[in-house]
Amino acid sequence: MSDKNKKSLAVITGGASGIGLSTVKRFLNEGYEVLILDANKEAGEVSLNNLKSDTCNVNFLHCDITNHSQIDAIFEDLHAKNCPAHVLVNCAGISPALNPLHQYSVEEWHRTIAINLHGTFYACREFLKLATALKINEGSIVNVASIMGVRASAAQAPYAASKHAVVGLTKSIAQDYATMNIRANAIGPGVIDTPMNTELMKDDNIMQYMLQRIPMKRVATSDEVANLIYFLASSEASYITGSYYPIDGGYLAS
Ligand SMILES: NC(=O)c1ccc[n+]([C@@H]2O[C@H](COP(=O)([O-])OP(=O)(O)OC[C@H]3O[C@@H](n4cnc5c(N)ncnc54)[C@H](O)[C@@H]3O)[C@@H](O)[C@H]2O)c1
């Protein structure tokens with residue numbers, strides 16, 4: 001999909017900030033058209049204006065991925081315009097405050113699962129409906145899970161539950177669409193320097209504790225994560241599907 005389909009469309013949820021925004025920039029640099037879906041209208045519009053000074057291949061739609069009718073309408077519009085999307089990257093996500101399970105409210109549990117899991121499902125479902133309807137012969141989904149997609153640490157039950165489920169969802173999609181040449185992979189970022197971690201990274205004690213556990217003794221940039229996402233989405237990864245790739249400075253291996 002990298003060279004011959006230079007004007008392929010990549011839909012990127014959570015593309016207004018952090019890993020999503022770096023991913024948007026990477027796909028634009030590779031010649032893709034990019035559609036950003038994000039619930040943060042202000043950040044989305046600021047990002048769009050900044051990006052538009054370099055390219056007109058990018059668009060932003062204000063969209064809450066927990067609202068499936070909003071996602072449906074966006075993909076139905078692409079269908080009506082006979083506009084296939086070849087790549088879907090699901091970056092939209094939240095990380096709730098750390099708490100032991102009994103201190104989480106029911107609302108916080110549902111909100112985490114609604115954004116991290118249900119939103120990812122809605123976007124995958126509509127992307128795959130469009131892909132099937134327009135009979136694309138090559139496509140790729142990259143779901144941004146976490147290292148908490150395969151292990152857990154204290155006080156992160158809803159986040160870990162949602163990210164484990166995203167890994168399972170991704171593996172399942174890979175089975176269902178392999179013969180259509182639509183691949184699905186999940187990635188597991190460790191600690192990444194994004195707005196999600198701004199507060200956490202100000203806390204020296206927490207940072208020291210975390211860095212001790214990361215063999216590379218540093219956090220990653222969002223651009224480093226975007227490199228992995230782009231690789232998995234591109235035809236360079238044409239035989240990779242149903243996999244989970246940590247990007248964690250060696251954390252899971254230690
Ligand atoms: N930063 C990390 O250390 C880290 C580690 C592991 C996994 N992740 C995952 O990476 C993804 C991106 O995180 P980030 O660090 O770039 O965070 P971020 O907060 O910078 O970006 C997340 C984006 O998702 C959007 N979003 C949130 N809820 C939404 C909704 N309901 N509908 C649409 N958009 C919504 C936000 O507006 C924001 O633009 C998340 O899924 C997160 O769980 C991050």
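Modeller: In this predicted model, both faces of strand β2 are covered, since Glu33, Leu35 and Leu37 on one side and Val34, Ile36 and Asp38 on the other are all buried.

Biologist: What follows for β2 when 6 of the 6 residues are buried?

Modeller: A residue counts as buried if 20 or more other C-beta atoms lie within 10 Å of its own. All 6 of the 6 residues of β2 meet that criterion, so the strand is largely enclosed by the rest of the structure.

Biologist: Which strand is joined to β2 by 5 bridges, and how do the two run?

Modeller: Strand β1, residues 9-13, is joined to β2 by those 5 bridges, and the two run parallel; within this pairing, the bridge partner of Ile12 is Ile36 in β2.

Biologist: What is the order of the strands in the open sheet?

Modeller: The sheet has 7 strands in the order β3-β2-β1-β4-β5-β6-β9, with parallel pairing. Its edge strands are β3 (58-62) and β9 (244-247), each of which pairs on one side only, and neighbouring strands are turned by 20° against each other on average, direction ignored.

Biologist: How many bridges join β4 to β5?

Modeller: There are 4 bridges between β4 (residues 87-90) and β5 (residues 139-144), which run parallel, and Asn90 stands opposite Asn143 in β5.

Biologist: Which strands do helices α2 and α5 meet?

Modeller: Helix α2, residues 41-52, lies across β2 (33-38) and β3, running at about 170° to β3. Helix α5, residues 157-177, packs on the sheet and touches β5, β6 (182-189) and β9, while its direction makes about 160° with that of β6.

Biologist: How should I read the largest nonpolar core, and which residues touch the most other members?

Modeller: The general idea is that, in soluble globular proteins, nonpolar side chains tend to be buried together. Here the largest nonpolar core has 61 residues, of which Phe127 and Ile229 touch the most other members, and α4 gives the most to this core, with 9 residues. Leaving aside residues up to four places away in sequence, Ile229 touches Thr23, Val89, Val142 and Ile187.

Biologist: Which residues come nearest to the ligand?

Modeller: Gly14, Ser17, Gly18, Gly93 and Thr194 come nearest, out of the 31 residues around the ligand. By character, the shell divides into 16 nonpolar, 13 polar and 2 charged residues.

Biologist: Which helices each supply at least two residues of that shell?

Modeller: Helices α1 (18-29) and α4 (106-133) each do so, and the largest share, 3 residues, comes from α1.

Conventions
Residues are numbered from 1 along each chain as its sequence is written. This is a predicted model: local features need pLDDT of at least 70, side-chain atom pairs count only at pLDDT 80 or more; totals for chains, interfaces and linings use all residues. A residue is near a molecule or strand if its C-beta atom, placed from the backbone, lies within 6 Å of it. Ala, Val, Leu, Ile, Met, Phe, Trp, Tyr, Cys and Pro count as nonpolar, Asp, Glu, Lys and Arg as charged, and the others, Gly among them, as polar. A nonpolar core is a set of buried Ala, Val, Leu, Ile, Met, Phe, Trp, Tyr and Cys residues joined through C-beta atoms within 7 Å. A residue is buried if 20 or more other C-beta atoms lie within 10 Å of its own, exposed if 12 or fewer, and partly exposed in between; C-beta atoms are placed from the backbone. Two residues are in contact if their C-beta atoms, placed from the backbone, lie within 7 Å. Two strands pair if DSSP finds at least two bridges between them. Axes are lines fitted to C-alpha atoms, for helices over the stretch in contact, and angles run from 0 to 180 degrees between N-to-C directions.
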